[in-house]
Amino acid sequence: MATLTSTRVVSLPQSKLILSNWTKVEDDCRRAIQLDSNSVKAHYMLGLALLQKEEYAEGVKALEKALDLGRGANPKGYMVEEIWQALAKAKYMEWEHESTKRSWELQTLKEACETALKEKHLFDSSELEGFLDENHRSNLEQLEALDRVFRIAAEADIPTDVPDYLCCKITLDIFRDPVIAPSGLTYEREVLLDHLEKVGKFDPITREPLCQSQLVPNLAIKEAVQAFLDEHGWAYKTD
């Protein structure tokens, strides 16, 4: 396998050297996946490499695959949490990138519309003598309406609070893998399993007896969470 010589390392800018290293990681991971398509680590590292190359969509796909494989192999394994953190960061980066692009496009379009309205106002003023006050009032109303439209369009990218029903009652964080207990309450799977193992086999809120076999995936909440995240990518941000 080819290696970088010391002369080449010195001549390459740091950013290009780092990108070259991640390209090598990507190649190695793709070869590993060809040998074992269920390799959690290979998909995980592939996702990280693609993110470094700013290929957000493909990086997210690789991390999602790693997360699915990791949850299937060992739901409580340390790599599942590590992969989730990387995936959440990737999703947030993807949203931030698209949000910045949308914001710039909206501002550019707004400025173009404002310019067009002002030019129309000047043209109408020269054509409608005796109706200047009415024309001026109409132009102001149009500019105010335009401002409202673009302000509403920008609201989707403004962070707010995540609805309570999408958050675990223990961690208060948005659900990742929600499960429902016989009590009807929904918890984050990993947190609840940790409670059952370390604290006791009972529901943490109702105190009713509870064991792992009684837990059922809450698919409705999981779908609601995903729908919310698809619309509000800022909610992927982790502290």
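Hi everyone. Let me start with a term: contact means heavy atoms within 4.5 Å. Two more will help: helices (H or I, at least four residues) and strands (E, at least two) are DSSP runs, numbered from the N terminus. For directions, axes are lines fitted to C-alpha atoms, for helices over the stretch in contact, and angles run from 0 to 180 degrees between N-to-C directions.

What you see is a predicted model, where local features need pLDDT of at least 70 and side-chain atom pairs count only at pLDDT 80 or more, while totals for chains, interfaces and linings use all residues. Residues are numbered from 1 along each chain as its sequence is written, and side-chain values use heavy atoms, with hydrogens and water left out.

So, the overall layout. The protein chain has eight helices and three strands, and along the sequence they follow the pattern α-α-α-α-α-α-β-β-α-β-α.

How are the three strands ordered in the sheet? The sheet is open, with the order E2-E1-E3 and antiparallel pairing. The edge strands are E2 (186-188) and E3 (216-217), each pairing on one side only. Here, two strands pair if DSSP finds at least two bridges between them. Strand E1 (residues 178-180) pairs with E2 over three bridges, in the antiparallel sense, and isoleucine 180 stands opposite threonine 186 in E2.

Now look at helix H7 (residues 189-198). H7 lies across E1, E2 and E3 and runs at about 90 degrees to E2.

Let's move to the helical part. UniProt, in an unreviewed entry, places the feature "repeat: TPR" at residues 40-73; its positions are given in the numbering used here, feature names are shortened, and annotations may be inferred rather than shown by experiment. In the model, residues 40-73 are 91% helix and 0% strand, with the end C-alpha atoms 9 Å apart.

Inside that stretch, glutamate 54 lies in the loop between helix H3 (40-52) and helix H4 (56-73). Its phi is near 65 degrees, a positive value in a residue other than glycine. Why is that worth a look? Because most residues other than glycine have a negative phi. Arginine 207, in the loop between H7 and E3, also has a positive phi, near 70 degrees.

Are these two residues buried or exposed? Glutamate 54 is exposed, with a relative accessible area of 57%, and arginine 207 is exposed at 56%. Buried means under 20% relative accessible area, exposed over 50%, partly exposed in between (1.4 Å probe, protein chains only). Across the 239 residues of the chain, 33% count as buried.
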